[in-house]
Amino acid sequence: MNIALVEDDSKEAEVLLKYLRRYGEDKGIKLDTTRYRSAEEFLKAYKHSYFSIVFMDIDLPGIGGLDCARSLRAQDDCVTLIFVTKMAQYAQKGYEVAALDFILKPVSYADFSLKLKKAVNVARAKETRSVLVPVNSGFCRISTDKLVYVEVMGHKVKYQLVDEEIEARGTLSEAEKRLAGCGFLRCNSCYLVNSRYVNKVKGNEVDVGGHVLKISHPKRRAFVEALMDIFTGGGRLE
């Protein structure tokens, strides 16, 4: 599990790094931690979905922790965030940026380990809502919550997300297996759509997150029935 630590104070950072190593050893979890000394350094290096958990000091030089968290959320609304601070009154503002929790300095291992346990459980739960897809350079993790539809194009597969599109290797059948249980349905032999983004079905067309896709005649009945099952509670999204 990849963890980011955004802390300008070297002594405070060393304490947290020591606690992370201890927790990983105690629980048998591999925790790879990267420390950043400023919000600017962190935001410049940040890669979406690279980190599972971010520990962030609120009182950072330059861009403060709260402003840094707002910039982070503009890129990634999924990563688990915990504030570390001496100022309890400011820590409450963390909920404005969907922080999971906050830890008060000086940090004790007992408090830290409890908060980290909760963060690990939340991060793992979020990871079950993502899939790894093969791309030319290796693999890419895709959030199923942001995935609008999947389209096969020859020998490639396009994953259309809310904010970008990713081309991957493979077939639509392979994508369908990866996304099993996540509410994805075939509307024809070329498309696999996320039922969460279905706005309207009209004739042989379906509006999926603002994208109008064709429904094949042979699949229309099964597709509509599966949608109705999900929307009326007959089906269940994992």
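Let's start at Asp 9, which caps the N-terminal end of helix α1: one of its side-chain oxygens lies 2.9 Å from the backbone nitrogen of Lys 11. Keep in mind as we go that this is a predicted model.

So, α1 itself. The helix runs over residues 10-27, which makes 18 residues, and from its first C-alpha to its last it reaches 26 Å, close to the 26 Å expected at 1.5 Å a residue. Which residues of α1 are buried? They are Glu 12, Ala 13, Leu 16, Leu 17, Tyr 19, Leu 20, Tyr 23 and Gly 24. These buried residues cover an arc of only 160° around the axis, so they sit on the same side of α1. Turn to the face pointing away from that buried side, and you meet the exposed residues Lys 11, Glu 25 and Asp 26. After the helix comes Gly 28, with a positive phi near 70°.

Helix α3, residues 65-75, can be read in a similar way. Its buried residues are Gly 65, Leu 66, Cys 68, Ala 69, Leu 72 and Arg 73. Here the arc around the axis is only 155°, which puts them on the same side of α3.

Before we get to the sheets, two spots in the loops to look at. In the loop between α4 (88-91) and β5 we find Ala 98. This alanine has a positive phi of about 60° although it is not a glycine. Then, on the other side of the strand, Pro 106 has its place in the loop between β5 (101-104) and α5 (109-127). The peptide bond joining Lys 105 and Pro 106 is cis, with omega at about -5°.

Now the five-stranded sheet. It is open, its order is β10-β9-β8-β12-β11, and the pairing is antiparallel. Why do β10 and β11 each have one side without a neighbour in the sheet? Both stand at the edges, β10 being residues 165-169, and each has a single partner strand, so one side of each is left free of a neighbour in the sheet. On average, neighbouring strands here are turned by 20° against each other, direction ignored.

Let's walk through this sheet, beginning with β8, residues 147-153. Is this strand mostly covered or mostly uncovered? Mostly covered: five of its seven residues are buried. On one flank, six bridges join β8 to β9, residues 156-161, and the two run antiparallel. On the other flank, three bridges join β8 to β12, residues 191-194, again antiparallel. Val 150 is a handy landmark in the middle of this. In β9 its bridge partner is Tyr 159, and in β12 its bridge partner is Leu 192. Tyr 149 also has a bridge partner in β12, namely Val 193.

How do we get from β8 to β9? The two form a hairpin with two residues between them, and Gly 154 in the turn has a positive phi of about 65°. From β9 we can carry on to β10, which is joined to β9 by five bridges and runs antiparallel to it. Across that pair, Lys 158 stands opposite Glu 167 in β10.

Back to β12, and a general point first. In a regular strand, side chains alternate between the two faces of the sheet. In β12, Tyr 191 and Val 193 point one way, Leu 192 and Asn 194 point the other way, and all are buried. Its partner β11, residues 184-186, pairs with it in the antiparallel sense over three bridges. Arg 186 has Leu 192 as its bridge partner in β12. These two strands also form a hairpin, with four residues between them.

There is a second sheet to see as well. This one is open too, with three strands in the order β13-β14-β15 and antiparallel pairing. The edges are β13 (198-202) and β15 (211-214), each with a single partner strand, so one side of each has no neighbour in the sheet. The average turn between neighbouring strands of this sheet is 20°, direction ignored. Four bridges join β14, residues 205-208, to β15, and the pair runs antiparallel. One of the bridge pairs is Val 206 with Leu 213 in β15. Helix α7 packs on this sheet, touching β13 and β14, and its direction makes about 140° with that of β13.

Thanks for listening, and do have a look around the structure yourselves!

Notes
Residues are numbered from 1 along each chain as its sequence is written. This is a predicted model: local features need pLDDT of at least 70, side-chain atom pairs count only at pLDDT 80 or more; totals for chains, interfaces and linings use all residues. Side-chain values use heavy atoms; hydrogens and water are left out. Buried means under 20% relative accessible area, exposed over 50%, partly exposed in between (1.4 Å probe, protein chains only). Two strands pair if DSSP finds at least two bridges between them. The arc is that of the directions from the helix axis to the C-beta atoms. The expected span of a helix is 1.5 Å times one less than its number of residues. A polar contact is a pair of N or O atoms within 3.5 Å; within protein, one must be able to donate a hydrogen and the other to accept it, and residues adjacent in sequence count only if both atoms are side-chain atoms. Axes are lines fitted to C-alpha atoms, for helices over the stretch in contact, and angles run from 0 to 180 degrees between N-to-C directions. Contact means heavy atoms within 4.5 Å.
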